[in-house]
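Reader: I am new to reading protein folds, and I would like to go through one chain step by step. Could you show me the sequence and the structure before we begin?

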Amino acid sequence: MGTNGSTMLEPLRQGLPPLDPAAVSDAASCALPARYEAVRDARRFTRGTLDQWDMGDRFDDVCLVVSELVTNALRHGLPADTACAADREPPVRLHLMRWTERLVCAVRDPSHDSPVARETDDFSAESGRGLFLVDSFSDSWGWHPLAGALSGKVVWALFRLPRPGSE
């Protein structure tokens, strides 16, 4: 019965929304190891960054989305034999970027497979809900393959921010 499920998750393969990278007011990123503790690290990094940007009020929504994107990257974006080689660049990277009226969370992983939202009517199911949560808590999201020297993809979620002074 997934009639609206497929349309809701339609905007899968699209580049980052048209945002001018030169206009970014703040950007931060952290590399995450191929371990599930990385989700906790990502949350801690997100909290610290949003506090620094004076956006602690958005922490709950943003953190939920970051947790889902990082979990998906670790669960589905890594080859089965990924070992934590000390000399290798950690395979997953979280980027937080802020413009005047937008915040983007982007997670890079080495897989070329598109993120798939499982059609499920069982909302108590642990697995497969991640992208539905991302869709529910962010204003828009999508993904795109990486070009050039970096292989893999980036999955991003966008949050609209109130115009400064409009509160």
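**Strands, helices and how they pack**

Author: Let us start with one pair of strands: strand 1 and strand 2 pair in the antiparallel sense, over 7 bridges. One of these places has A31 with its bridge partner in strand 2, R93. Please keep in mind that this is a predicted model.

Reader: What pattern does the chain follow when it is read along the sequence?

Author: The secondary structure of the chain comes to 4 helices and 5 strands. Read along the sequence, these elements follow the pattern α-β-α-α-β-β-α-β-β.

Reader: In what order do the strands lie in the sheet?

Author: We can build the order from the pairs, beginning with strand 1 and strand 2, which pair over 7 bridges, and going on to strand 2 and strand 3, which pair in the antiparallel sense over 6 bridges. Strand 3 (residues 102–109) then pairs with strand 5 over 8 bridges, and strand 5 pairs with strand 4 (residues 140–145) over 6 bridges. Strand 1 (26–32) and strand 4 each pair on one side only, as edge strands do. The result is an open sheet of 5 strands with antiparallel pairing, in the order 1-2-3-5-4.

Reader: Which residue of strand 5 stands opposite L103?

Author: Strand 3 and strand 5 run antiparallel to each other where they pair, and we can follow two of the facing positions. V104 stands opposite L158 in strand 5. For L103, the residue that stands opposite in strand 5 is F159.

Reader: Through how many residues does the hairpin join strand 2 to strand 3?

Author: Strand 2 and strand 3 are antiparallel partners over 6 bridges, and L96 has C105 in strand 3 as its bridge partner. The hairpin that joins strand 2 to strand 3 does so through 3 residues.

Reader: Why is strand 5 described as largely enclosed by the rest of the structure?

Author: A residue counts as buried when its relative accessible area is under 20%, and across the chain of 167 residues 43% count as buried. Strand 5 (residues 153–160) is largely enclosed by the rest of the structure because, of its 8 residues, the number that are buried is 7.

Reader: Which residues of helix 4 are buried?

Author: Helix 4 (residues 130–137) has 6 of its 8 residues buried, so this helix too is largely enclosed by the rest of the structure. The buried residues in helix 4 are G130, L131, F132, L133, V134 and D135.

Reader: At roughly what angle do the axes of helix 2 and helix 3 cross?

Author: Two packed helices are described by the angle between their axes and by the distance between those axes. The axes of helix 2 (residues 37–52) and helix 3 (residues 59–76) come within 9 Å, and they cross at roughly 150°.

Reader: By class, how many nonpolar residues does the contact of helix 2 with helix 3 have?

Author: The contact is made by residues including A38, V39 and A42 of helix 2 and F59, V62 and C63 of helix 3. By class, this contact has 2 charged and 3 polar residues, while the nonpolar residues number 10.

Reader: Which strands does helix 3 touch where it packs on the sheet?

Author: Helix 2 packs on the sheet by touching strand 1, strand 2 (92–98) and strand 3. Helix 3 also packs on the sheet, its direction making about 15° with that of strand 3, and the strands it touches are strand 1, strand 2, strand 3 and strand 5.

Conventions
Residues are numbered from 1 along each chain as its sequence is written. This is a predicted model: local features need pLDDT of at least 70, side-chain atom pairs count only at pLDDT 80 or more; totals for chains, interfaces and linings use all residues. Side-chain values use heavy atoms; hydrogens and water are left out. Buried means under 20% relative accessible area, exposed over 50%, partly exposed in between (1.4 Å probe, protein chains only). Two strands pair if DSSP finds at least two bridges between them. Axes are lines fitted to C-alpha atoms, for helices over the stretch in contact, and angles run from 0 to 180 degrees between N-to-C directions. Contact means heavy atoms within 4.5 Å. Ala, Val, Leu, Ile, Met, Phe, Trp, Tyr, Cys and Pro count as nonpolar, Asp, Glu, Lys and Arg as charged, and the others, Gly among them, as polar.
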